[in-house]
Amino acid sequence: QAAAPLHPVAVQCLEAQMVVRVHRDLFGTGHLVKAADLTLGSAACLPVAQSAAETMVTFVAGLHECGSTLQLTPDSLIYKTSLSYKPTPSGNLVIVRTNPAVVPIECHYPRKSNVSSNAVRPTWAPFHSTLSAEERLMFSLRLMNDNWSTERLSNGFQLGESLHLQADVVSGGHVPLRLFVDDCVATLSPDRNSSPRYALIDLSGCLVDGRSDDTTSAFISPRLRQETLQFTVDAFKFAGDDGNLIYITCHLKVSPADQAPNALNKACSFNKASSLWVPVEGTGDICSCCETGNCPSYG
């Protein structure tokens, strides 16, 4: 509020400084105090204007200036200083007609919000800085029709057909991400650790099912987009099993899209024509461990 005889001292707390305005009728008696008798803080900072004709005296000081102190509370930053009035005799007189005074001054700032009115608001939050990235990423694994245009209505297959599997992630407002399929295992029960079990993808992204002589299983290259990975698997059944239900469980993961694929984050298929492992993206050497079996893993 404006400084006036009823409120002779007004404080404006700005982003990096405080502005203190003092009405020279400090005591509301109609007698104006001298600007030279007013100082701010323990450092006795002087006002920026000391015109005798003006009824207002203004101080401008940085939050850390003029000997101010800082107090921290759980919710606030509090900068404390004081306005001092020390009357001096007029002319050669040895008397004064007012008392000295000290007015405490505080500026409070919230600790948990932006002080600046022009705060930078990022358009995305890095996924590695969130408390729980898994809760913010939506993964999916779907059976698709033969031309990948829509999800397959039936999950029934005949031997000799191919399963078209598509893994996706919705990354929301995160940095651009690249999706990988770390491993896929087929079992006769929902428990991926049950027996018998057959690994389709293993070793952090090697489509090991395509290594067999009688299959054409492979990752689809190039990708539609970084957040999608497609692969085909030739239909199969477990030897000696008369049932018609197989569970496929896959572990999906993401890495930043600007991070080059490596032996830990890769999608490698076996090319029978060249007898080489070939990555969907990245250099061929990241797939060499698919043959030796010593690929790194998250455990």
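## A tour from Leu179 outward

Begin by selecting Leu179 in this predicted model. Beyond its neighbours within four places in sequence, Leu179 is in contact with Phe139, with Ala167, Asp168 and Val169, and with Arg223. Its further contacts are Gln226, Glu227, Thr228 and Leu229, followed by Leu252, Lys253 and Val254.

Next, widen the selection to the nonpolar core around this residue. Leu179 is among the residues with the most contacts inside the largest nonpolar core, which has 22 residues. Select with it Val181, Cys184, Ile201, Phe219, Leu229 and Phe231, which are also listed for the most contacts within that core. Then colour the strands that contribute: strand 9 (162–170), strand 10 (177–187), strand 11 (197–201), strand 13 (228–234) and strand 14 (247–256) each supply at least two residues of the core. Which strand gives the most to this core? Strand 10 does, with 5 residues.

Now move to another core, which lies apart from the largest one. This second core has 20 residues, and Val20, Ala61, Tyr85 and Tyr109 are among them.

For the next stop, display strands 1, 2 and 4. They form an open sheet of 3 strands in the order 1-2-4, with antiparallel pairing. The edges are strand 1 (9–13) and strand 4 (56–62), each of which pairs on one side only. From one strand to the next, the twist averages 15 degrees.

Finally, focus on strand 2 (residues 17–23) beside strand 4. These two strands pair in the antiparallel sense over 7 bridges. To see one residue pair, select Val19 together with Val60, its bridge partner in strand 4.

Methods: Residues are numbered from 1 along each chain as its sequence is written. This is a predicted model: local features need pLDDT of at least 70, side-chain atom pairs count only at pLDDT 80 or more; totals for chains, interfaces and linings use all residues. Side-chain values use heavy atoms; hydrogens and water are left out. A nonpolar core is a set of buried Ala, Val, Leu, Ile, Met, Phe, Trp, Tyr and Cys residues joined through side-chain atoms within 4.5 Å. Buried means under 20% relative accessible area, exposed over 50%, partly exposed in between (1.4 Å probe, protein chains only). Helices (H or I, at least four residues) and strands (E, at least two) are DSSP runs, numbered from the N terminus. Contact means heavy atoms within 4.5 Å. Two strands pair if DSSP finds at least two bridges between them. Axes are lines fitted to C-alpha atoms, for helices over the stretch in contact, and angles run from 0 to 180 degrees between N-to-C directions.
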